[in-house]
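Q: Please take a close look at the second largest pocket of this protein. What lines it, and what do the sheet and the largest pocket look like alongside it?

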Amino acid sequence: MSLSTALSIAQSALMNTARQTSVVSRNVADASNPDYTRRIAVVTSTAPGARSVDIQRVANDLLFRQNLSALSAYSGQNALYSGLDQLDVSVNGVDNASSPSTAIGNLQQALQLYATSPSNQNLGSSVIDAAKQVVRSLNEGSRAIQDFRTQTDGQIATAVDDLNSLLSQFQDANQAVISGTRSGTDVSDALDQRDALLKKISDYVPVSTFTRGDNDMVITTGDGTTLFETIPRTVSFAPSSGYSAGTVGNALYIDNVPISAGTSGNTSASGKLAGLLQLRDGVASTMQSQLDETARGLITAFAETAPSMPNAAGLFTWSGAPAVPAAGTLVNGLAGTISVNAAMDPSVGGNPALLRDGGANGAAYIVNTGGASYSSLLVAYGDRLDQPMTFDPAAGISATSSVADYAANSIGWLQSVRQQASTAADAKQALASRSAEALSNATGVNVDQEMSLLLDLEHTYQASARMMKTVDDMLAALLSAVG
């Protein structure tokens, strides 16, 4: 081996070691970055005695896809669970203190007390006050649900804007990968950026990917709808300015294909958007129907009856009064419009004694012929609250029960869905965490390992430096001898 060849080899070794050291240093610097993938500097032979360094990016496509799927599942589940918590407090209050069920229970107690002393008009006024509380809980609950739907609609619109922005950023990152691949330059940073964007996109919708030539990536949703291919597909949604009971929200489209909402407490929703759709058009709408059916049951239970006369709205009335809503048929928005009959409300000049005697709808409905101690009608109203009646099965709970039980079952239904959602959220969060940990173990940076490698590189550098020193000494000796 000539001295010039030895010198060239030593110089090449020093340059390669410097590049390897740079890669290791970069790994250590980005060890805490969850979107960074470890690089490996691989030394390859290019000619006899010559070496070069190639930068390779550690990747595990299987674990990465599993992580994306777990992230989508948890995002949809978490959106549902968070919304259920908010709905529960908005409609029923803390510990159900402001729920219709609690208010109906208070009404039953006031009614029983009045029945024991029907001549005491202060007790009659207390029943009216309790009825007002029932109405307030239904009115405010209905309003809270529709406000929640409007708020959720706005969250969907914001999420759609964010998703479209992420897809635009993905296009730039994907083009950088393609360009770098074609030119033969290192695209590790661009690939990291693209993968980080994929994680963010999977928070909104489930994604599936495949890679074509030049590292060009195509994204589809879980059901096969194209989300990105060369250019982003349009995610479109028209938000509503407000909601009322029975209103169906606008659909959300990806490339003109509608996204389906999730179902059940352990939701099928994958991605935040499907979870929000389930809240807006599934859970919230079902809760509204249950409130509407509770209101209809109350109007029916307190309806005035008379021989040869149609039943007429009594203590509780509505926009269709004096008629009573049809049995077993949902009336959209009834919970928001139910009110206490003004004929019985002393605050507006009404007479609470009409509840005891009948006659809010005219003389034909007067029942009391026994004077101030008459309590039969009051007892009958109390019994009706506990008597089975038919409810619309579309509201999602028992089609036959008493009004009091129906209101309690409504709370039970929500709590059951919340419990399922909570359990599923914990499980899906754990899966997302474990899949992220497995991916990090396979592709992330182990600082201890990098520091050990750095020590090896230091030894390599020292050996190359000694080789150069030896060649330098030999050249100096040769020149001295020639001189």
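A: In this predicted model, strand S9 (257-258) and helix H6 (272-301) each supply at least two residues of the lining of the second largest pocket. That pocket has a volume of about 260 Å³. Its lining counts 19 residues, and those closest to its centre are Pro-206, Asp-223, Ile-259, Ser-260 and Ser-270. By class, the lining of the second largest pocket holds 11 nonpolar residues, seven polar and one charged.

The largest pocket encloses about 630 Å³ of space. It is lined by 32 residues, and Thr-37, Arg-57, Phe-64, Asp-195 and Leu-439 lie nearest its centre. Helix H2 (61-92), H5, S3 and helix H10 (403-443) are the elements that give two or more residues to this lining. H5 provides the largest share, six residues. The lining of the largest pocket divides into 13 nonpolar, 10 polar and nine charged residues.

S3 also belongs to an open sheet of four strands, in the order S3-S4-S5-S6 and with antiparallel pairing. Strand S3 (207-211) and strand S6 (231-232) are the edge strands, each pairing on one side only. Five bridges join S3 to strand S4 (residues 217-221) in the antiparallel sense, and Ser-208 stands opposite Thr-220 in S4. Helix H5 (residues 188-202) packs on this sheet and touches S3, S4 and strand S5 (226-229). The direction of H5 makes about 10 degrees with that of S4. H5 and S3 are thus in contact with each other, and both are among the elements that line the largest pocket.

Definitions and conventions:
Residues numbered from 1 in each chain as written. Predicted model: local features only at pLDDT ≥ 70, side-chain atom pairs only at ≥ 80, totals over all residues. Heavy atoms only, no water. Pairing = 2+ DSSP bridges. Contact = heavy atoms within 4.5 Å. Axes fitted to C-alpha atoms, helices over the stretch in contact; angles between N-to-C directions. 1 Å grid on protein atoms, 1.4 Å probe; cavity = no way out; pocket = protein on both sides within 12 Å on 5 of 7 lines; lining within 4 Å. Points joined across faces, edges and corners; volume = space filled by probe spheres on them. Nonpolar A, V, L, I, M, F, W, Y, C, P; charged D, E, K, R; others polar.
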